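Subject: Structure for you to look at

Hello,

Here is the structure I said I would pass on. Please open it alongside this message.

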Amino acid sequence: MSLFDAHCHLQDKRINQKRADLLERWDQMGKGYLACCATDESDWAKVAAIAQDHPRVLANFGVHPWQVNTLTDKWAKHLKGWLCRMPSGIGEIGLDFTDPSVDQSRQEAVFLRQLDLANQLGRPVSIHIRRAWDRFIHILKSAAPLSHGGLIHSYSGSADMVPLFERCNLYISFSGSITNPRNKKVAKALGAVSFNRLLIETDSPDLMPRIPGKGPDEINTPDNLVVVAQAAADILNRPVQDLVDQTFDNGMRLFGALITED
């Protein structure tokens with residue numbers, strides 16, 4: 001079974017001691033790929049090292065909206081340097097207005113700069129949006145179509161917005177939240193996504209899916225993507241292998257240019 005984890009954080013310090021084991025387990029599952037997303041300047045080098053050491057890890061460099069206040073004056077130059085140094089996407093970027101202490105205008109300025117870089121360099125983007133959908137749509141309409149596409153990770157928006165995002169060359173990615181049977185909004189949104197625009201992810205080490213015997217605060221790992229795949233297949237009433245195959249193909253279509261292995 002070849003799986004494509006469209007969004008995870010293998011550089012996270014919570015899995016430092018487990019990284020080798022979890023990547024070995026991932027390899028044993030099949031010839032799958034993991035899109036590893038940075039969050040700020042301090043972890044770009046670490047993401048690069050992991051991707052260089054493991055050919056099935058695809059590097060993404062970017063600034064998470066909650067990290068915009070940590071940036072140096074030359075952050076954009078540094079980011080472009082990493083993007084030009086190796087095949088890589090841009091992520092995790094976006095808008096998140098859930099924390100009032102993080103300036104919204106600063107978030108928007110940093111997000112726009114990264115979208116500009118994506119179009120300039122022809123790179124896919126991995127986008128985080130929470131409680132900022134109206135502003136995101138406004139920005140997206142001015143920036144779209146994204147030249148090399150992107151995804152909205154761990155989608156929490158409405159089903160009604162999905163067609164607009166697809167027209168803007170975005171894929172829609174779902175995480176362990178779809179394993180919660182009470183999350184009707186996410187299930188409805190999943191049903192609205194075109195099959196050739198669907199992705200699945202773990203957001204490891206966060207967003208542990210519902211697994212018997214494991215609590216929501218436990219460390220999530222990429223091998224749990226099979227649980228997300230099964231939940232998505234059940235909601236869509238499709239064979240899980242069909243969903244795995246399609247999301248793998250979709251992931252390859254979006255991130256394939258970043259793959260350097262033979």
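Below is what I found in it, starting with one strand and moving outwards.

Please keep in mind that this is a predicted model.

Strand β5

Strand β5 covers residues 125–130, and five of its six residues are buried, so the rest of the structure largely encloses this strand. On one side of the pairing list is strand β4, residues 90–96, which runs parallel to β5 and is joined to it by six bridges. Leu95 is bridged to Ile129 of β5. The connection is also worth tracing on screen: β4, helix α4 (residues 104–121) and β5 form a β-α-β unit that is right-handed.

β5 also pairs with strand β6, residues 150–152; these two run parallel and share three bridges. Here Ser126 has Leu151 in β6 as its bridge partner.

The pocket

The largest pocket has a volume of about 930 Å³. It is lined by 44 residues, and those closest to its centre are His153, Ser154, Asp203, Asp206 and Leu207. β4, β5 and α7 (184–192) each contribute at least two residues to this lining. Which of the elements gives the most to it? That is β5, with three residues. The strand that is largely enclosed therefore also turns up in the lining of the pocket.

The cores

The largest nonpolar core holds 74 residues, of which Leu10, Phe61, Phe136, Tyr155, Phe165 and Phe174 touch the most other members. A second core, separate from that one, has 13 residues, including Leu151, Tyr171, Leu258 and Ile259. Leu151 is thus a residue to select twice, as a member of the second core and as the bridge partner of Ser126.

For a closer view of the largest core, try Phe61. Beyond its neighbours within four places in sequence, Phe61 is in contact with a set of residues that includes Ala38, Trp44, Val47, Leu79, Trp82, Leu83 and Met86. Ile90 and Gly91 are also among its contacts, and both numbers fall in the range given for β4, residues 90–96.

A buried glutamine

Gln11 sits in the loop between β1 (4–8) and α1 (19–29). Is Gln11 buried or exposed? Its relative accessible area is 6%, so Gln11 is buried. Not counting residues up to four places away in sequence, Gln11 touches Asn16, Arg19, Cys36, Cys37, Ala38, Thr39, Asp43, Lys46, Val47 and Ile50. Ala38 and Val47 are also among the contacts of Phe61.

Regards

How values were computed. Residues are numbered from 1 along each chain as its sequence is written. This is a predicted model: local features need pLDDT of at least 70, side-chain atom pairs count only at pLDDT 80 or more; totals for chains, interfaces and linings use all residues. Side-chain values use heavy atoms; hydrogens and water are left out. Buried means under 20% relative accessible area, exposed over 50%, partly exposed in between (1.4 Å probe, protein chains only). Helices (H or I, at least four residues) and strands (E, at least two) are DSSP runs, numbered from the N terminus. Two strands pair if DSSP finds at least two bridges between them. A crossover is right-handed if, with the strands pointing away from the viewer, the path from the first strand over the helix to the second runs clockwise. A nonpolar core is a set of buried Ala, Val, Leu, Ile, Met, Phe, Trp, Tyr and Cys residues joined through side-chain atoms within 4.5 Å. Contact means heavy atoms within 4.5 Å. On a 1 Å grid over the protein atoms alone, a cavity is a set of points where a 1.4 Å probe fits but cannot get out, and a pocket is an open set with protein on both sides within 12 Å along at least five of seven lines; lining residues have an atom within 4 Å of a point. Grid points are joined across faces, edges and corners, and a volume is the space filled by probe spheres set on the points.
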